[in-house]
Amino acid sequence: MPTIKIKKLHPDAVIPEYAKEGDSGFDLVAVEDATLYPGETQLVKTGIAVELPPGTELQVRPRSGLSLKTPLHIRNAPGTVDNGYRGEVGVICHCLINSNSCPIVIEKGDRIAQGVVMPVIRCEIEEVESLSDTTRGADGYGSTGV
């Protein structure tokens, strides 16, 4: 099994772990308090840095329970932590603007997102004059209906 190396950057940081057998993700925990008002976005720190297995990235994704029960939104989900990044992992949190539940109060120790390690395929990039024809062609953005 591949290994993720975790470095604590803050004494109160929580080292992530998979909660149950078969879980795809592990919880990312806030290492600071934050208050988000309607429409506001903040980077909430986790107090950890990671060294990922070669050929992988860490995707920062919403936690389903928070998405269902609160107006907390992970702004760039899934966020990407690149393999070569060694800085602090942060979560871009947003309070949905049309919510009566705002402000959202995040307290140090709250589980605010989940991390999922995913494989990455790197490709050669080649500029060309044309692309091959397909049945779909350039049809997109609702071309198969709503």
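Strands and helices are DSSP runs numbered from the N terminus, a strand being a run of E of at least two residues and a helix a run of H or I of at least four, and two strands count as paired if DSSP finds at least two bridges between them. The model is predicted, so local features need pLDDT of at least 70 and side-chain atom pairs count only at pLDDT 80 or more, while totals for chains, interfaces and linings use all residues. Residues are numbered from 1 along each chain as its sequence is written, and side-chain values use heavy atoms, with hydrogens and water left out.

**Exercise 1. The four-stranded sheet**

Determine the strand order of the open sheet of four strands, and state which strands lie at its edges.

Solution. Step one is to follow the pairing, which is antiparallel and gives the order β2-β11-β6-β8. Step two is to find the strands that pair on one side only, and these are β2 (26-29) and β8. Step three is to examine one pairing in detail: β2 and β11 (residues 111-119) run antiparallel to each other over four bridges, and within β11 it is Gln 114 that serves as bridge partner of Asp 27. Finally, neighbouring strands of this sheet are turned by 35° against each other on average, direction ignored, where the axes are lines fitted to C-alpha atoms, for helices over the stretch in contact, and angles run from 0 to 180 degrees between N-to-C directions.

**Exercise 2. The three-stranded sheet and a cis peptide bond**

Describe the open sheet formed by three strands, then locate Pro 78 and characterise the peptide bond from Ala 77 to Pro 78.

Solution. The order is β4-β9-β7, again with antiparallel pairing, and the edge strands are β4 (41-45) and β7 (72-74). Neighbouring strands here are turned by 40° against each other on average, direction ignored. Between β4 and β9 (residues 90-95) there are five bridges, and His 94 in β9 is the bridge partner of Thr 41. Moving on to the loop between β7 and β8 (79-81), one finds Pro 78 there, and the bond that leads into Pro 78 from Ala 77 is cis, with omega near -10°.

**Exercise 3. Cysteines without a disulfide**

Explain why Cys 93 has no disulfide bond.

Solution. Start from the chemistry: a disulfide is a covalent bond between the sulfur atoms of two cysteines. The criterion used here is a pair of cysteine sulfur atoms within 2.5 Å, and the structure holds zero disulfides. For Cys 93 the closest cysteine sulfur belongs to Cys 95 and is 11 Å away, which is too far for a bond. As for its surroundings, Cys 93 is buried at 0% relative accessibility, whereas Cys 123 is exposed at 59%; buried means under 20% relative accessible area, exposed over 50%, and partly exposed in between, with a 1.4 Å probe and protein chains only.

**Exercise 4. A buried acid in β6**

Identify the side chains that make polar contacts with Glu 57, and decide whether Glu 57 is buried or exposed.

Solution. Glu 57 belongs to β6 (residues 56-61) and is buried, yet it has no salt bridge, since the nearest side chain of opposite charge, Arg 61, is 7.0 Å away. In this count, Lys and Arg are positive and Asp and Glu negative, while His and the chain ends are not counted. The side chain of Glu 57 makes a polar contact of 2.8 Å with that of Gln 59 and another of 3.1 Å with that of Thr 80. A polar contact is a pair of N or O atoms within 3.5 Å; within protein, one must be able to donate a hydrogen and the other to accept it, and residues adjacent in sequence count only if both atoms are side-chain atoms. Thr 56, also placed in β6, is buried at 13% relative accessibility, and its side chain reaches the backbone oxygen of Pro 53 at 2.6 Å.

**Exercise 5. Salt bridges across the chain**

State how many salt bridges the count comes to, and find which residues form a network with Asp 27.

Solution. Side chains of opposite charge can pair when their charged atoms come close. The rule asks for a side-chain nitrogen of Lys or Arg within 4 Å of a carboxyl oxygen of Asp or Glu, and by this rule the count comes to four. One of them joins Lys 5 to Glu 51, with the closest N and O atoms 4.0 Å apart; Lys 5 lies in β1 (residues 5-8) and Glu 51 in β5 (residues 48-51), 46 residues apart. Another joins Lys 108 to Asp 12 at 2.7 Å, linking the loop between β10 (104-106) and β11 to the loop between β1 and β2 across 96 residues. In this pair Lys 108 is partly exposed at 43%, and Asp 12 is partly exposed at 39%.

The last step concerns Arg 63, whose salt bridge with Asp 27 has its closest N and O atoms 3.0 Å apart. Arg 63 sits in the loop between β6 and α1 (64-69), 36 residues from Asp 27 in β2. Arg 63 is buried at 18% relative accessible area, while Asp 27 is partly exposed at 22%. Salt bridges that share partners join Asp 27, Arg 63 and Arg 111 into one network.
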